[in-house]
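Reader: I've got the sequence and the model open side by side. Could you walk me through a few spots and tell me how you get to each call?

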2 protein chains.
Amino acid sequence: MDAIITDTYSVYFNKEGYKALNQHLKKERYSKLFLLTDENTHRDCLPLFLSSLETDLEVEIIEMEAGETHKTIDTCVQIWYALSELGADRRSLMINLGGGVVTDLGGFVACTFKRGIPFINVPTSLLAMVDASIGGKTGVDLGNLKNQIGVIRQPEMVLVMVDFLKTLEKRQLNSGFAEMFKHGLISSGKYWSDLKDLKANDPLESHIYRSVQIKNKIVLEDPTEKDMRKILNFGHTLGHAIESHFLDKGENKALLHGEAIAVGMILEGYLSHRLSSLGLHQLEDIKNTLLERFRKVDFTEEDKHAILALLKFDKKNSHGSINFVLLKRIGDAVIDQQVPEDLFMEAFTYYEE
Amino acid sequence: MDAIITDTYSVYFNKEGYKALNQHLKKERYSKLFLLTDENTHRDCLPLFLSSLETDLEVEIIEMEAGETHKTIDTCVQIWYALSELGADRRSLMINLGGGVVTDLGGFVACTFKRGIPFINVPTSLLAMVDASIGGKTGVDLGNLKNQIGVIRQPEMVLVMVDFLKTLEKRQLNSGFAEMFKHGLISSGKYWSDLKDLKANDPLESHIYRSVQIKNKIVLEDPTEKDMRKILNFGHTLGHAIESHFLDKGENKALLHGEAIAVGMILEGYLSHRLSSLGLHQLEDIKNTLLERFRKVDFTEEDKHAILALLKFDKKNSHGSINFVLLKRIGDAVIDQQVPEDLFMEAFTYYEE
């Protein structure tokens, strides 16, 4: 598969990825490699990765605890100390091997260590492959505020090794599908249909490729997120608030990112039907398709009020008003839409019906 | 005084500064202002600053504790939370009113909050005026490792209000002179002489202006610090290690940045005499001039060994070797010089003589 080229780096796939990495290591005069994993990718992905790595450089492994609850500044502090103690310098390279938590947090650690060292992301979850691979967003949570702290900086390259998906549980895999469905909803009705037609054990490779292409096209057209890039936030305005809210309720209630975004897309689909031109038939298609893959979430009245309170912290919020991305139809989105507050509860009611 | 123009922003002086700020606030559509101070600048500088500020925007004041020991990620976390709770969004502007600790840390907080909000620096110490005003370095310490965490990003503008120096204690003022002497040593013998001739109560305005000009010229010629910009590190390789070492020893022993750099310049002056072409007469001139303004520091054998151990953490360090900036003569520096380890103790002996 051909590499997908962004403005400053390339996304390589499978064998081509290892080849590109090994050539890069030969060319650049790095002083040392630092590989960040969590305990899952350390066990499931690291052996394969190391066996494909060809370099004379010293390699240090740093392991963090897995899970969104560890996407914190405290974890960054631990890794910054580890890098210092292991002698990382400005010519060290960091490779982040893991899901979105590892690549977002590892990217932030690299961008801020000694005012920035180079890094490479190797996403191992479907979600990180189709989402975090493009856009250069790094970040960590601040309390229950998602990605409140971070910077934008591009990696040296991104390697998508589809083989790593075999190590994922089904729930984790589905979490990635939410972002892929979103890519269809905001930019291609055809891709949305193809995703709906996927059978349980169909290979995902070509779909991942299309998702990376779609996201790259959108980001290239609007690198500073002033304009059309905002369509990538479809489902995320309410989705992020939902994710933040349940993150605070402990492990049992916590939703994966894609699970929260799936709810967000149904809710914002409803808002699109009420305020934009999305037809009822397409709205039902979105709801049925997503509820087939994602279990319905129970919201108490208290939950809903807490979620709406969190909305005002959302980083898309500017000058006190909340902007939504809405759909005109499946495959076509519109940005900067204001939503009257009373519609939020209606949207939850539609979700629960 | 004319503004000094960097590649992306301008440094304004005195009345012109307030004028430029007020025009900027009128032009940009910020949502809210956040003013970061420490307890000293809150008391000594904020009233004057606020009385000169012309804006209809809401202004929130955030105060941090003064001093290098508070230049930590913990302080950042407190300010990130304060910004979140006070409703800062991506169109909020942060103004950092204080010495280098406030401008370095406040800049880092702004660059990383919601992946970056705009900020303006108003340095209130001589050191911050002549040093932190140019170059876009932001950062905080990690344990006793100075500026280990940070990013490079330029402020919207820098305002140098020389009046604020009246609020400084003499020791703080002298700390700034170390960087000004450095500007003379690395790039202008004439400026070095002029600084030596300064009497106790002479106005400093034109000297500050020349220091900002010198630093700006060096940074403009090498924005990515690949090359000649490194001459700004003269005195800093050993100076930083000395500063870090005593920072760890508690308030009584702690040295101000300029005090540590003054020692570093004498030590690295000695290395320049031994390894480069700096003549003995000029070396003595450096030592005598600096010891006239900065009290001699007592080093135990233990101190010296601990300082040399810290050297290897210095961020100018790459591939395990330590690079020094040395002087060929006063006003002319050379980068990337290797120093044999046994000379370090000799340099301390020369300092102590």
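Reader: Is E301(B) buried, partly exposed or exposed?
Author: Buried means under 20% relative accessible area, exposed over 50%, and partly exposed in between (1.4 Å probe, protein chains only). E301(B) has a relative accessible area of 47%, so call it partly exposed.

Reader: Before we go on, what are the ground rules here?
Author: This is a predicted model, where local features need pLDDT of at least 70, side-chain atom pairs count only at pLDDT 80 or more, and totals for chains, interfaces and linings use all residues. Residues are numbered from 1 along each chain as its sequence is written, chains are lettered from A and ligands numbered from 1 in the order in which they are written, and side-chain values use heavy atoms, with hydrogens and water left out.

Reader: Which helix holds both E301(B) and K304(B)?
Author: Their side chains meet in a salt bridge at 2.9 Å, N to O (a side-chain nitrogen of Lys or Arg within 4 Å of a carboxyl oxygen of Asp or Glu). K304(B) has a relative accessible area of 5%, so that end is buried. The two sit three residues apart, about one turn of the helix, and that helix is α13 (residues 301-311) of chain B. Helices (H or I, at least four residues) and strands (E, at least two) are DSSP runs, numbered from the N terminus, hence the name α13.

Reader: How far apart along the chain are K146(B) and E68(B)?
Author: They form a salt bridge, with the closest N and O atoms 3.1 Å apart, and both are buried. K146(B) is in strand β8 (residues 145-149) of chain B, while E68(B) is in the loop between β4 (59-64) and α4 (73-85) of chain B, so the pair links distant parts of the chain: 78 residues apart.

Reader: How many salt bridges cross between chain A and chain B?
Author: Over all chains, the structure holds 44 salt bridges. Across the interface of chain A and chain B, though, the rule finds zero.

Reader: What kind of axis relates the two chains?
Author: Lay chain A on chain B and you get an RMSD of 0.0 Å, with a turn of 180° and a shift of 0.0 Å along the axis. Copies are superposed by least squares on the C-alpha atoms of residues with pLDDT of at least 70 in both. That's the relation of a two-fold axis.

Reader: Which residue of chain A comes closest to that rotation axis?
Author: Going by C-alpha, the distance is 4.2 Å, and the residue is I73(A).
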